[in-house]
Amino acid sequence: MSTDSEILSRLETLNAIGVALSHERDLATLLERILEAARDFADADGGTLYLVEGDTLRFEVLRNDSLGYFMGGRHGAPIHFPPIAMHGPDGRANDSMVVVHAALTGRTVNIADAYDAEGFDFGGTRAFDARTGYRSQSFLTVPMKDHDGHVIGVLQLINAKDKAGAIRPFDGAIQQLVESLASQAAIALNNRRLIDQLENLFEALINLINTAIDEKSPYTGGHCERVPALTSLLADAVARTTVGPLAEFTMDEADRYELKIAGLLHDCGKITTPVHVVDKATKLQTLFDRIELVDTRFEVLRRDAEIAHLRGELDAAAYAARLEQLEDDRAAVRQANTGGEFMDDDRIEALRRIARHTWRGPDGRELPFLSAEELDNLCIRRGTLNHAEREIINHHITMTIRLLEALPWPAHLRNVPEYAGGHHERMDGKGYPRGLTREQMSVQARVMGIADIFEALTASDRPYKPGKTLSESLSILGRMKLDHHVDPDLFDVFLRERVYLEYAQRFLPPEQVDVIDWHRIPGVSPELAAELAARDSSL
């Protein structure tokens, strides 16, 4: 029998365990701690925790000191035992088994000696003992009921031991403590399940938003998948760093989850962005690529030149020269329309010359060859977006912040709007939408800024550009470091911890993963370049 002091000590332990269980986030660890706490209470040699799954009891954790069994939970070996059916094929209850009886009736079963027990089938236990040489004697089988009184699991302890190590029955005081523990554990387990379900639902809603964006633009959908992955890779690399300015940065699992959610939502404002702007593949594209209209005008000019030649207004040499000039002009317009190269002053002046051509429209009127709006778009110096369209694109981050700040975030996710809303800021305060400086931003927001840029550089699913190689992308990122666009310390970690390569191996096709000459990458110090080159040569 347990003494009063032992009972009091175990009650104090029970309270402490209840608090600990309520704080445990990982389900497998929680199950493991429940069984271990029950065994400690009862000085039990072994025990098993089952969970109800449909009409079966599934083995979750199994421990036995004498047999050396350490299975299930977070740290044990996998359990390969099949679930126990609670009803037979004929629908009759399989309650001759103690654990099934406890699950179906919701009542504790305390057996002093299984070999003398009546009303239960311990044939399997006897066969197990015969195979292993073990002696299964005392059993305490306790149903785990949630706050609604539903049995969600069963806790079974085997062979209580006295101080001398001899097997004894489970006394009444111990039974009450284990039942109390089982009740607390069931509530903690149910709460953990509810939280997991809510988190799964929350992430499913986020994926629903990203799917909606994906339906508008498949390019954005891929981006919403890859940026969170790269953000997590870089953040974990920073957390591993033990020297330098970022040595104090750490993250626990809650921090990682918060950053994951921010990554998934970092472009949610794009749900408001017009698709013809998001997917603008060429400078003249609106709902369709207007280059075809310009091509038609060139054909009209070719027709006019041919008519003039047939009328004798152009001789053969002038006619040939006219056709050649029109082909050159058409090629220049088509090249400008792609947005793939920087438009210098000479190319822009050539477009303005072409725009001064006139052509005769269907109604016979003389019209300018390019409208003012077409000329402005073709003269975009980089990319395909004009100023107004770029403002529309930039507005998505304002909408992201507005949408996220309107949500009632719980304490462990309160930083999501700041992390997600800062990925277009610059270290020198020249970014948008808030013009924050490096000192005003969290490490996580700065991490997401690098992830967003590097993903965009290497992405091969954009309509307006091919994916760049690793060396090209790192060169651009290095120039951004020198230009105070991205965080210099994070850039160094990105290289030193080989985050770029881990990302490339997961997401980039082999043709984009090229050899890197570190001494030619801007922003890489000679010392770091030598370190990286030496490491690469040793692989």
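Select Glu-36 to begin: with a relative accessible area of 23%, Glu-36 is partly exposed, where buried means under 20% relative accessible area, exposed over 50% and partly exposed in between, for a 1.4 Å probe and protein chains only. Add Arg-39, which counts as buried at 7% relative accessibility and forms a salt bridge with Glu-36, the closest N and O atoms being 3.2 Å apart; a salt bridge is here a side-chain nitrogen of Lys or Arg within 4 Å of a carboxyl oxygen of Asp or Glu. Both residues lie in helix α2 (residues 27-42), 3 residues apart, about one turn of the helix; helices (H or I, at least four residues) and strands (E, at least two) are DSSP runs, numbered from the N terminus.

This is a predicted model, in which local features need pLDDT of at least 70 and side-chain atom pairs count only at pLDDT 80 or more, while totals for chains, interfaces and linings use all residues. Residues are numbered from 1 along each chain as its sequence is written, and side-chain values use heavy atoms, with hydrogens and water left out.

Next, select Arg-58 and Glu-60, whose side chains meet in a salt bridge at 2.3 Å, N to O. Arg-58 is partly exposed, with a relative accessible area of 26%, whereas Glu-60 counts as buried at 16% relative accessibility.

Move on to Asp-489 and Arg-438, where another salt bridge spans 2.4 Å from N to O. Asp-489 lies in helix α17 (residues 488-496) and Arg-438 in the loop between α14 (416-421) and α15 (443-458), so the pair ties together parts that are 51 residues apart in sequence. Arg-438 is partly exposed, its relative accessible area being 22%.

For a network of salt bridges, select Asp-295, Glu-299, Arg-302, Glu-327, Arg-330 and Arg-334, which are linked in this way. The count of salt bridges by this rule comes to 35.

Now centre the view on Ile-397, in helix α13 (residues 387-405), which counts as buried because its relative accessibility is 0%. Leaving aside residues up to four places away in sequence, Ile-397 touches His-266, Ala-420, Gly-421, His-423, His-424, Tyr-432 and Pro-433, contact meaning heavy atoms within 4.5 Å. His-150, by comparison, is 247 residues from Ile-397 in sequence and 47 Å away in space, C-alpha to C-alpha.
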